[in-house]
Amino acid sequence: MLSFTSRRRLPALGVALLALAATLALLPPTSPARADDGDAAATPATVGVATRPAGEDGRPDGRSRFTYTADPGQTVTDRVLVGNTGTARQDFTVYATDAFNGGDGAFSLLATADTPTAVGAWLRFDDGSDRVKFSLEPDEVRLLSFTIAFPADATPGDHVGGLVASVVEEGQQVSVDRRVATSIFARVSGDLQPALSITSYDASYEGDWWNPFSGSVKLHYTVSNPGNVALAANLTSGVATWFGIPATGLQGGSIPMLLPGNTATYEFTVGGVGQWLYLNPSTVLNPFVDSPDSSQQLTVSPITRDTVTFGVPWMLLILLALAAVIFLLLRWRRRRDEERAREWVDYMERATAAEAEGLAGAAKSGSS
């Protein structure tokens, strides 16, 4: 069961089902407790919605979602429990819609006003309608039966949506559509093509300039599902440096389920990377079918991508620059001292020569 108040966002597929729905399903409807006017004013009514798949006996059967595999043209029948977990009478609307992935990969359902075109359009309730409306008292539960008719021209692969129970909470200025959904995974038999692809992959280095041994590489990558099977993936990322030497150990992560035809962008940070200048980050993506039904599991080939980035060792460069400046200053000083020494030697040689010439001239004049 999935719950949300936004008209577009939906939490991840693995969110826990409300245990209260299971309890309510086993209890007869009860009248709401009455309170005096003072208590009612102090404790405003709360809105609560619960849904859960049910078995043929009308009781929760332990499923976390609706999962079907059928041939084109086939129909399947199932049941859902809808409960009022709030403290006041509520008006429910129950319907099916299609799912998609947001730009960040989050699993979402179409807005209430949007018309489904896939599995959300295949579902009908017992009266033949695509949605039903009814009211429930607090702690009351209703069992609904529905049929999904797979079209004769349905394409092979996974068609994903959700069975939504909606309660509109009227406000003075804004009305809030509180929706709870149980996901629907309908697989049409045929040529299944499970595949993910990394359509873009780049990296950037982040770290303190003064610490050449501590930093991280932030990976930015876009994953697309060009196949017809919904896939999640585990990933392993690492960074190598010169001659393929590892700059850090391998680090694991994951991406949530990506539906067929959808694309999402993710980030992953590989920590403990030193400033080795040349860095070669890489990621291995291992897709898998995230389903509790073992019969839907498939073998999917892994995908590998890598790129090049640079972790500039600024402190080392500064130290080298300082060493170079000191070396040049010392060399310049030595050359200046050598030049002064040569100048002094030349001066002394000229002075000695001049003195010698003076003495020689004096001696010659005396002898004359």
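**A four-strand sheet and two unusual phi angles**

An open sheet of four strands, paired antiparallel, runs in the order S2-S4-S9-S7 in this predicted model.

Colleague: Which are the edge strands of that sheet?
Modeller: Look for strands that pair on one side only. In the order S2-S4-S9-S7, that leaves strand S2 (49-54) and strand S7 (123-125).

Colleague: And by how many degrees are neighbouring strands turned against each other on average?
Modeller: For this one, direction is ignored. Neighbouring strands of this sheet come out turned, on average, by 35 degrees.

Colleague: Let's zoom in on S2. Which residue in S4 stands opposite Thr-51?
Modeller: S2 and strand S4 (residues 75-84) run antiparallel and are joined by six bridges. Facing Thr-51 across that pairing is a residue of S4, Val-82.

Colleague: Now the backbone. Where does Phe-243 lie?
Modeller: Most residues other than glycine have a negative phi. Phe-243 isn't a glycine, yet its phi is positive, about 60 degrees. As for its place, Phe-243 sits in the loop between strand S14 (231-240) and strand S15 (251-258).

Colleague: Is Phe-243 buried or exposed?
Modeller: Exposed means over 50% relative accessible area. Phe-243 has a relative accessible area of 84%, so the call is exposed.

Colleague: What about Leu-277: which strand is it in, and what is its relative accessible area?
Modeller: Leu-277 is another non-glycine with a positive phi, about 70 degrees. Its strand is S17 (residues 277-288). Leu-277 counts as partly exposed, with a relative accessible area of 36%.

Notes: Residues are numbered from 1 along each chain as its sequence is written. This is a predicted model: local features need pLDDT of at least 70, side-chain atom pairs count only at pLDDT 80 or more; totals for chains, interfaces and linings use all residues. Side-chain values use heavy atoms; hydrogens and water are left out. Buried means under 20% relative accessible area, exposed over 50%, partly exposed in between (1.4 Å probe, protein chains only). Two strands pair if DSSP finds at least two bridges between them. Axes are lines fitted to C-alpha atoms, for helices over the stretch in contact, and angles run from 0 to 180 degrees between N-to-C directions.
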